[in-house]
Amino acid sequence: MRYTGLFLLCCALDAAGPARFAEHTIATGLKGGYQVVIADLNHDGKPDVIALASGMPELVWYENPTWERHVIAGGFSQMINCTVSDVDGDGIPVIALASGFSNEAKNSDGIVSVLRHDGDPRRPWKVTEIDRLTTSHRLRWADIDGSGKKVLINQPLTGAHAEAPDYRDHTPLVFYRPGDWKRELIGDENEGVVHGIYPVDWDGDGRDAILTASFVGIDLYRFGKDGRWSRKEIAKGDPAAWPKGGSSDVAVGRAGSGRYLAAIEPWHGNQVVVYRMKGQAWERKVIDDSLVDGHTIWTGDLNGDGNDEIVAGFRGGKHSVFVYYAGGDGHNDVACIGSATANLKWYENLGAR
């Protein structure tokens, strides 16, 4: 089982045949279901499921294979994102959590906390607040210098002075080194809403770069060997005028010998978009424009043919799973949490027909 996305799903599968899925309900009653993260939380070799629900005060995990519920920690308000990595090397991941979130910067505490187990991961974890940065929204671990030591990336949704509906302000991107947890600036060139980030070894050199998806499009931040960050524009996203243009979420997939970018556009938009290199530019192609409140995107080889399919999550319309054709069992499963349905489901990949 691997983390894919949130809410509802659509999959783009190719000529090798569609993957078949068996649906399993893990939990219900998750008010404001928002994020699923997969990690081995008890060091038994089995992937467990963390369920983050913004309308609940507790961050919880479900133990594989019985799906027994355990509380990681409680007392939170408006949790919005978490990410995991075994940065201390004890075999059980450290969890970074963003809470106190609001779309409106003036109403957002933007609390960033680090959670560690206290001997038994089935018992409540220790919570340490490390920062408060307005609208802290997306957290990811990344190995930015190729050392094998990951840092915590924090992407706020907007700048501190942004207001609806235009959200005009420069939006910072920051990181923290484990240990001192001091906030360090990556860059603040992005503007408006920055909804998605995606760490990726862009150059194949063992160093993670950071893709961002925002009102100004898709951009790439790299940490250089000189210790400085650089920013490169990849694509402008949906060409509509501000604040209806740009990009909302981005992921990298593999097809044949090359890679592509998959995106939701514009912010919370209706489009699933694929970018492929054509010459020196990324060519934009809308493959679906029927999403309602598009939210997240992921890529993975679901049918075992060596090419990555696209899983796109959306929050409106029919509560269904759609399959699009683009013309260990070793299979990637799908786990998702429902915002409207308040449930947590695991879709077991049975392989291609």
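Which residue takes a positive phi in the hairpin of strand 17 and strand 18? In this predicted model, that residue is Gly227, with phi near 80 degrees. The hairpin has five residues between its strands. Strand 17 covers residues 217-223 and strand 18 covers residues 229-235, and the two run antiparallel, joined by six bridges. To pick out a pair across this hairpin, Ile218 stands opposite Ala235 of strand 18. As background, strands in a sheet pair up through backbone hydrogen bonds, and the pairing can be parallel or antiparallel.

A sheet comes next. Strands 7, 8, 9 and 10 make up an open sheet of four strands, in the order 7-8-9-10, and the pairing is antiparallel. Strand 7 (81-85) and strand 10 (126-132) are the edge strands, since each of them pairs on one side only. On average, neighbouring strands of this sheet are turned by 20 degrees against each other, direction ignored. In the middle of the order sit strands 8 and 9. Strand 8 takes in residues 94-99, strand 9 takes in residues 111-116, and five bridges hold this antiparallel pair together. One spot to look for is Ala96, whose bridge partner in strand 9 is Val114.

Now for the charged side chains. Searching the whole structure turns up 15 salt bridges. One of them involves edge strand 10 and reaches over to strand 14: the side chains of Arg183 and Asp131 meet with an N to O distance of 2.8 Å. Arg183 belongs to strand 14 (residues 183-187) and Asp131 to strand 10, so this pair ties together parts that are 52 residues apart in sequence. How do the two partners fare in terms of exposure, buried or partly exposed? Arg183 has 38% relative accessibility, so it counts as partly exposed. Asp131, on the other hand, has 11%, so it counts as buried, because the cut-off for buried is under 20% relative accessible area.

Salt bridges that share partners also link Glu63, Asp120 and Arg122 into one network. Within this network, the side chains of Arg122 and Asp120 meet at 3.9 Å, N to O. That distance still counts, because a salt bridge asks for a nitrogen within 4 Å of a carboxyl oxygen. Both of these residues are partly exposed: Arg122 has a relative accessible area of 39%, and Asp120 has 29%. Another salt bridge joins Arg132 and Glu129, with the closest N and O atoms 2.8 Å apart. Here, too, both partners are partly exposed, with relative accessible areas of 45% for Arg132 and 42% for Glu129.

The loops hold some backbone details worth a look. What kind of peptide bond joins Asn64 and Pro65? The bond is cis, with omega at about 10 degrees. Pro65 sits in the loop that runs between strand 5 (59-63) and strand 6 (68-73). A cis peptide bond also joins Glu265 and Pro266, this time with omega at about -20 degrees. Pro266 is in the loop between strand 20 (258-265) and strand 21 (271-278).

That loop between strand 20 and strand 21 is also home to His268. His268 has a phi near 50 degrees, which is a positive value in a residue other than glycine. With 22% relative accessibility, His268 counts as partly exposed. The loop between strand 22 (281-288) and strand 23 (294-300) contains Asp293. Phi of Asp293 is near 60 degrees, again positive in a residue other than glycine. Asp293 counts as partly exposed as well, at 26% relative accessibility.

One last loop residue is Asp333, found between strand 25 (321-325) and strand 26 (334-337). Is Asp333 buried or exposed? Asp333 is buried, with a relative accessible area of 7%. A look at its surroundings brings in Leu350, which lies 17 residues away along the chain. The C-alpha atoms of Asp333 and Leu350 are separated by 8.6 Å.

Methods: Residues are numbered from 1 along each chain as its sequence is written. This is a predicted model: local features need pLDDT of at least 70, side-chain atom pairs count only at pLDDT 80 or more; totals for chains, interfaces and linings use all residues. Side-chain values use heavy atoms; hydrogens and water are left out. Buried means under 20% relative accessible area, exposed over 50%, partly exposed in between (1.4 Å probe, protein chains only). Two strands pair if DSSP finds at least two bridges between them. Axes are lines fitted to C-alpha atoms, for helices over the stretch in contact, and angles run from 0 to 180 degrees between N-to-C directions.
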